[in-house]
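Work through these exercises with the sequence and the model side by side. Try each task before you read its solution.

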Amino acid sequence: MNKSSKYIVLAVLFIMLILIRWFEDILFYDPYLTFFQNDYLYIDSPRREVLKLVAFTALRYFLNTVISLGILFVFFKDKSILKFSAVIFGIAFLVLIIAYLYFVINPRKEDYYLFFNLRRFLIQPIILLVLLPAFYYHRLKN
């Protein structure tokens with residue numbers, strides 16, 4: 001793959017991440033989107049369908065993960081980085097979804113801020129933002 005096609009593929013993948021974020025309220029069921037836009041520290045948790053919420057959150061995480069793995073592969077062209085990243089994304093999903101379920105099932109006002117930040121890791125490609133510079137730095141060191 002030459003440089004220009006690599007940049008085009010990377011641009012398309014990043015645009016896909018942006019589109020997921022841009023159309024989040026259309027594509028995914030998430031009553032917490034409007035809840036956390038308001039003054040959430042002073043209002044009660046929104047009504048929600050737990051199974052539907054968890055399914056759509058998992059779908060969004062999966063889409064972000066597949067695109068993120070694509071970005072990492074195009075950027076580094078290394079299958080070992082891809083495999084390691086897939087393991088990281090899988091472990092992170094298990095840990096985060098268990099904590100997410102706890103906060104969804106047991107909403108308490110004093111936990112809203114922690115829940116808000118934990119939820120970010122599930123619905124936004126934050127892990128990519130950590131892995132990309134980490135692998136780049138690792139490659140520079142070796």
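## Exercise 1: A core residue and its contacts

Start with F89. Beyond its neighbours within four places in sequence, F89 is in contact with Y61, T65, S68, L69, L72, I127, L128 and L131. Keep in mind that this is a predicted model.

**Task.** Find which residues touch the most other members of the largest nonpolar core, and which helix gives the most to this core.

**Solution.**
1. The largest nonpolar core has 33 residues.
2. Within this core, Y32, I71, L72, F89, Y100 and L122 touch the most other members.
3. At least two residues come from each of α1 (3-22), α3 (32-37), α4, α5, α6 (112-123) and α7 (126-141).
4. The most come from α4, which supplies nine residues.
5. As background, nonpolar side chains in soluble globular proteins tend to be buried together.

## Exercise 2: The two sides of α1

**Task.** Compare the end-to-end distance of α1 with its expected span, then locate its buried residues.

**Solution.**
1. Take 1.5 Å a residue: the 20 residues of α1 should span 28 Å.
2. The end C-alpha atoms of α1 are 28 Å apart, which agrees.
3. The buried residues of α1 are L10, L13, L17 and I20.
4. They cover an arc of only 80 degrees around the axis, so they lie on the same side of α1.
5. These buried residues pack against α2 (24-27), α4 and α7.
6. On the other side of α1, the exposed residues are Y7, I8, I18 and W22.

## Exercise 3: Charges in a network

**Task.** Trace the salt bridges that link R21, E24 and R60.

**Solution.**
1. The model has five salt bridges in total.
2. E24 pairs with R21 at 3.4 Å, N to O.
3. E24 also pairs with R60, at 2.6 Å, N to O.
4. This second pair links distant parts of the chain: E24 is in helix α2 and R60 in helix α4, 36 residues apart.
5. Now check burial against the 20% cut-off. R60 is buried because its relative accessible area is 2%. E24 is buried too, at 9%. R21 is partly exposed, at 44%.
6. Leaving aside neighbours within four places in sequence, R60 is in contact with I20, R21, E24, F28 and I123.

## Exercise 4: The loop between α4 and α5

**Task.** What is the phi of K77, and where is K77 placed?

**Solution.**
1. K77 lies in the loop between α4 (50-76) and α5 (79-105).
2. Its phi is positive, about 55 degrees, although K77 is not a glycine.
3. Most residues other than glycine have a negative phi.
4. K77 counts as partly exposed, at 43% relative accessibility.
5. D78 forms a salt bridge with R139, with the closest N and O atoms 3.7 Å apart.
6. D78 is in the loop between α4 and α5, and R139 is in helix α7, 61 residues apart.

Methods:
Residues numbered from 1 in each chain as written. Predicted model: local features only at pLDDT ≥ 70, side-chain atom pairs only at ≥ 80, totals over all residues. Heavy atoms only, no water. Helix = DSSP H or I, 4+ residues; strand = E, 2+ residues; numbered from the N terminus. Buried < 20%, exposed > 50% of the residue type's maximum accessible area, 1.4 Å probe, protein only. Core = buried A, V, L, I, M, F, W, Y, C linked by side-chain atoms within 4.5 Å. Contact = heavy atoms within 4.5 Å. Expected span 1.5 Å × (residues − 1). Arc of directions from axis to C-beta. Salt bridge = Lys/Arg side-chain N within 4 Å of Asp/Glu carboxyl O.
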